[in-house]
Amino acid sequence: MIKPFIVRPLLVLSMVTGSPLLLAAEGGVGRPITGLQVFSNAGVVPPAPGWVMSLTSFWYDGDLKGNVQVPIAGALSAGVDMKVSYTLANFTHVWDTGKGAWNFASAIGVPVQYTDVTASVTGPRGRTLGTEDKATQFADALVTPIAAGYHFDEVNHISFSLPIYVPTGAYNQNRLANAGQNNYTFMPTVAFSHLDGKGGEFTVMSSLEIYTENDDTDYRTGNIFTLDALWTHGFGNGWSAGMAAGYIQQVTDDSGSGANGGFRGRSVGAGPAVGWSGKFADAQANLSARWIPEFDTKNRPEGNGISVNMTLAFF
């Protein structure tokens, strides 16, 4: 018999800025931030039915290096510096499917985002259109209609899911700072978790982000592949620590207005992670934090990502 496991909600990080980068993902990054997609127990859908609620905050500070140009409101920018704070409240329902190796869940996430973007923007005939924009707005909702988990045994688990970003966030094509991306993004995802039984784990998670066209800009971001891993060692009393790492690669060309070739972005990063799990009132609680500095980027901003997560599971 498979024992109950605690799983954090099925969520994938969304980090957006407004305008399309020339020959690159719209806004320069698409949705993922290096090393912040994977979460603890990502391969485990719990056998016990119930609710899981989480609050996750992300902070990213990065800048685009080189001479990549950014079309904004009919103008071009030679560089972008961005600071983004993103907070997602996520709610997961684990369905009652009885005994067996398969279990299923559904989830919805509601995000709020603060965006601060600075760009050197010059319009036609040298007209300056603005250099900085800040905003705190609702971002695109994240819906996971179904996630399926299979338990090989008590320590090895795999999950399959299809998170979808829905264009509910604030968006204005004439602004630098936008919390929404004005497109649907479908993200088939697979994750595998090996639990060592001592409070540690090894989890690997991969997805392919498939973007629809932004009708306001006639721009479609190419597909983006992500591969993240998390390794932790348990130290007793619920504490664990280890490393998280991520790899992002745009695998198809952008298309539409301003997409003049196969300019594809890439980033790699790794850094420390720490976590705690235990009882809080009637819930199983999990707290975690990580810092991921990027050290190898191409045609994407390079910077630092930080995340803090609190999860409460009610079974």
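**Figure 1. Phe 152 is partly exposed in this predicted model.** The relative accessible area of Phe 152 is 49%. That value falls short of the exposed class, because exposed means over 50%. Phe 152 belongs to an aromatic cluster together with Trp 102, Phe 104 and Tyr 150. Tyr 150 is likewise partly exposed, with a relative accessible area of 26%. The rings of Tyr 150 and Phe 152 make an edge-to-face pair. Their centres lie 5.1 Å apart, and their planes meet at 80 degrees.

**Figure 2. Trp 102 and Tyr 150 form a tilted aromatic pair.** A search of the whole structure finds four aromatic pairs. In the pair of Trp 102 and Tyr 150, the ring centres are 5.1 Å apart and the planes stand at 55 degrees, so the pair is tilted. Trp 102 sits in strand β4, and Tyr 150 sits in strand β6, residues 141–151. The two residues are 48 positions apart in sequence, so the pair ties together separate parts of the chain. Trp 102 is partly exposed at 40% relative accessibility.

**Figure 3. The largest nonpolar core has 26 residues.** Val 80, Tyr 86 and Met 205 touch the most other members. Elements that give two or more residues to this core are β1 (50–63), β3 (75–94) and β4 (102–122). Which strand gives the largest share? Strand β3 does, with four residues.

**Figure 4. Phe 315 comes close to Gly 50 across a long stretch of sequence.** Along the chain, Phe 315 and Gly 50 are 265 residues apart. In space, their C-alpha atoms are 4.6 Å apart. Phe 315 is found in the segment after β18 (302–314). Is Phe 315 buried or partly exposed? Phe 315 counts as partly exposed, at 42% relative accessibility.

**Figure 5. The side chain of Gln 173 reaches the backbone of Asp 216.** A polar atom of the Gln 173 side chain lies 3.5 Å from the backbone oxygen of Asp 216. Gln 173 is in the loop between β8 (164–166) and β9 (185–186). Its relative accessible area is 34%, so Gln 173 is partly exposed. Asn 214 can be found in this view as well. The C-alpha atoms of Gln 173 and Asn 214 are separated by 9.8 Å, with their positions 41 residues apart along the chain.

**Figure 6. Asp 218 and Ala 281 have positive phi values.** Most residues other than glycine have a negative phi. Asp 218 is not a glycine, yet its phi is positive, about 55 degrees. Asp 218 is found in the loop between β11 (201–211) and β12 (219–220). Its relative accessible area is 42%, so Asp 218 is partly exposed. Ala 281 also has a positive phi, near 55 degrees. The loop that holds Ala 281 lies between β16 (266–280) and β17 (283–298). Ala 281 counts as exposed, because its relative accessibility is 70%.

**Figure 7. The chain is built with 18 strands and zero helices.** The chain has 315 residues, and buried residues make up 54% of them. Among contacts with a separation of 6 or more, 68% join residues 24 or more positions apart. The chain exposes about 12900 Å². Carbon and sulfur atoms supply 61% of that area.

**Figure 8. Confidence drops under 50 in residues 1–24 and in residues 71–75.** The mean pLDDT of the chain is 84. A pLDDT of 70 or more is reached by 80% of the residues. Over residues 1–24, pLDDT stays under 50. For these residues, the model has 147 contacts beyond four places in sequence. How many such contacts does the model have for residues 71–75? There are 20 contacts beyond four places in sequence for that stretch, where pLDDT also stays under 50.

Terms used. Residues are numbered from 1 along each chain as its sequence is written. Side-chain values use heavy atoms; hydrogens and water are left out. Buried means under 20% relative accessible area, exposed over 50%, partly exposed in between (1.4 Å probe, protein chains only). Contact means heavy atoms within 4.5 Å. Accessible areas come from the Shrake-Rupley method with a 1.4 Å probe; for residues, only the protein chains shown count as cover. A nonpolar core is a set of buried Ala, Val, Leu, Ile, Met, Phe, Trp, Tyr and Cys residues joined through side-chain atoms within 4.5 Å. Rings of Phe, Tyr and Trp (its six-membered ring) pair if their centres lie within 6.5 Å; planes under 30 degrees apart count as stacked, over 60 as edge-to-face and the rest as tilted. A polar contact is a pair of N or O atoms within 3.5 Å; within protein, one must be able to donate a hydrogen and the other to accept it, and residues adjacent in sequence count only if both atoms are side-chain atoms. pLDDT is the predictor's confidence in each residue, from 0 to 100.
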